[in-house]
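Q: Could you take a close look at the aromatic residues in this one and walk me through how they sit in the rest of the fold? I'd like one connected tour, please.

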Amino acid sequence: MAGLSDLPVVHNDASNTGRAVHQAPCHRNLRYGVHKISSAKLTAVGVMLCVLIACVAEAVFLFSSIFMMGRIPMYDEFASRDFSQWNGLAKQVCCSGSAVAVDAPNWKSKSAVRFQINFYEPLVKGSHRSEFRLRATEFHQLYEYGFKIFVPPDWQSDNNQVAVMQMHNVPDNWKGEWGLPPPLELSLDNDSWVLRTASGRAPTWLDRKGDIRHDTPWSQPFERGGWSAWIFRTRWSLDGDGIIEVEKDGKVVFQRHGANCYDNLLAPYLKFGAYAPAWLNLTVPPEAKTREVFFTDVFAREL
């Protein structure tokens with residue numbers, strides 16, 4: 001008789017199979033859970049990195065707007081012809097001929113800066129521009145700016161405005177704000193000087209429409225081949241103490257009191273030169289493919 005040790009061992013295949021069937025989904029679910037957790041962590045890390053990068057970029061942008069642009073107070077008649085007051089980020093030009101110190105047209109023994117844009121030259125800051133800019137300002141502080149500007153005698157008018165002065169807002173990119181009309185702008189439009197204003201609540205991530213009010217409060221035919229003198233006094237505010245006052249050749253042509261800007265962290269800054277925003281969306285080249293204007297006696301100060 002065979003001993004117990006000699007008997008064949010019978011394996012319960014059905015039982016083992018059952019355990020295998022029940023265990024396999026558990027292992028898969030465990031692996032799937034780990035995968036879901038890892039993806040969630042990666043997504044959270046990605047969002048945090050994007051927010052961090054956006055915050056750093058915003059901090060750099062605000063820092064440069066305050067400290068790395070043209071200073072206030074300042075005065076420049078461009079006699080030195082070296083643009084020493086407009087280094088680095090204070091200049092927004094594409095090419096060597098975009099801003100050049102020259103003899104002032106029709107003004108003996110005087111220097112000026114000639115700003116020039118050409119439709120076929122590279123874009124600057126996403127558009128066709130040649131401009132100098134100052135640092136951002138403070139709310140509720142009164143500032144005075146001025147310059148003299150010369151429009152060439154052969155200026156060819158068309159429907160594409162050329163902005164020669166902007167009091168531009170400093171956008172709050174961290175709030176999802178996009179480009180907005182300047183709170184104050186002086187343009188050459190057809191045959192006229194045109195002042196435009198804009199103010200209100202800027203769009204954000206949570207409010208994509210915002211509440212922006214803009215208008216064209218003043219215009220007047222411009223003079224070709226001659227100099228005109230401009231002074232702008234501004235106190236940027238969302239309240240009743242805001243002021244905008246514009247003088248042309250010693251005469252007040254526009255004055256407004258009250259709210260006059262956007263709800264940004266920093267108040268607007270001055271830009272001057274030549275800027276053709278409409279060129280960017282043209283399907284065919286403009287008839288006048290080159291624009292140039294001349295500036296001298298540019299100043300800015302707190303009052």
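A: Sure, with the reminder that this is a predicted model. For orientation, the chain has 1 helix and 15 strands, and buried residues make up 45% of its 303 residues. If you take the contacts between residues at least 6 apart in sequence, 70% of them join residues at least 24 apart.

On to the rings. The structure holds 22 aromatic pairs, and two tryptophan pairs are worth a visit. One of them is Trp107 with Trp227: the ring centres are 5.4 Å apart and the planes are at 75°, over the 60 degrees needed, so this pair is edge-to-face. Trp107 sits in the loop between strand E3 (99–103) and E4, while Trp227 belongs to strand E11 (residues 226–235), so the pair ties together parts that are 120 residues apart in sequence.

Stay with Trp107 for a moment. Its relative accessibility is 29%, which falls between the 20% and 50% limits, so Trp107 counts as partly exposed. Setting aside neighbours within four places in sequence, Trp107 is in contact with Lys148, Trp227, Thr296 and Asp297. You can also check its position against the backbone of Gly226: the two residues are 119 apart in sequence, and their C-alpha atoms are 9.5 Å apart in space.

Now the other pair, Trp193 with Trp230. Here the ring centres are 5.0 Å apart and the planes are at 65°, so this one is edge-to-face as well. Trp193 is in strand E9 and Trp230 in strand E11, so the pair ties together parts that are 37 residues apart in sequence. Trp193 has a relative accessible area of 0% and is buried; Trp230, at 1%, counts as buried too.

Trp193 also takes us into the nonpolar core. In soluble globular proteins, nonpolar side chains tend to be buried together. The largest nonpolar core here has 49 residues, and Trp193 and Phe295 are the ones with the most contacts inside it. Strand E6 (residues 142–151) gives the most to this core, with 5 residues.

What does Phe295 touch, leaving aside its neighbours within four places in sequence? Its contacts include the aromatic residues Phe78, Phe115, Phe147, Trp227 and Phe272. The rest of the list is Ala112, Val113, Lys148, Ile149, Val164 and Gly273. Two of those names should ring a bell, since Trp227 and Lys148 also appear among the contacts of Trp107.

Back at Trp193, have a look at Pro221, which lies in strand E10. Pro221 touches Asp191, Ser192 and Trp193, not counting residues up to four places away in sequence. The C-alpha atoms of Pro221 and Ser192 are separated by 3.9 Å, although the two are 29 residues apart along the chain. Is Pro221 buried or exposed? At 59% relative accessibility, it counts as exposed, whereas Trp193, which it touches, is buried at 0%.

Strands E9 and E10 turn up again around the largest pocket, which has a volume of about 720 Å³. Of the 36 residues lining this pocket, the closest to its centre are Arg129, Gln166, His168, Tyr269 and Lys271. The elements that give two or more residues to the lining are helix H1 (13–67) and the strands E2 (91–92), E5, E7 (162–168), E9 (192–201), E10 (211–221) and E14 (269–275). By type, the lining divides into 13 nonpolar, 14 polar and 9 charged residues.

One more stop, and Arg129 leads there. A search of the whole structure finds 1 cavity of 30 Å³ or more, with a volume of about 60 Å³. Arg129 is one of the residues that line this cavity, and others include Cys94, Gln116, Asn118, Glu121 and His128. Strands E4 (111–118) and E5 (129–133) each supply at least two residues of the lining, and E4 gives the most, with 3. The cavity lining divides into 4 nonpolar, 6 polar and 2 charged residues.

To retrace the route: the Trp107 and Trp227 pair joins a loop to strand E11, the Trp193 and Trp230 pair joins strand E9 to strand E11, and Trp193 shares with Phe295 the most contacts inside the largest nonpolar core.

Note on methods
Residues numbered from 1 in each chain as written. Predicted model: local features only at pLDDT ≥ 70, side-chain atom pairs only at ≥ 80, totals over all residues. Heavy atoms only, no water. 1 Å grid on protein atoms, 1.4 Å probe; cavity = no way out; pocket = protein on both sides within 12 Å on 5 of 7 lines; lining within 4 Å. Points joined across faces, edges and corners; volume = space filled by probe spheres on them. Helix = DSSP H or I, 4+ residues; strand = E, 2+ residues; numbered from the N terminus. Nonpolar A, V, L, I, M, F, W, Y, C, P; charged D, E, K, R; others polar. Core = buried A, V, L, I, M, F, W, Y, C linked by side-chain atoms within 4.5 Å. Buried < 20%, exposed > 50% of the residue type's maximum accessible area, 1.4 Å probe, protein only. Contact = heavy atoms within 4.5 Å. Phe/Tyr/Trp six-rings, centres within 6.5 Å; stacked < 30°, edge-to-face > 60°.
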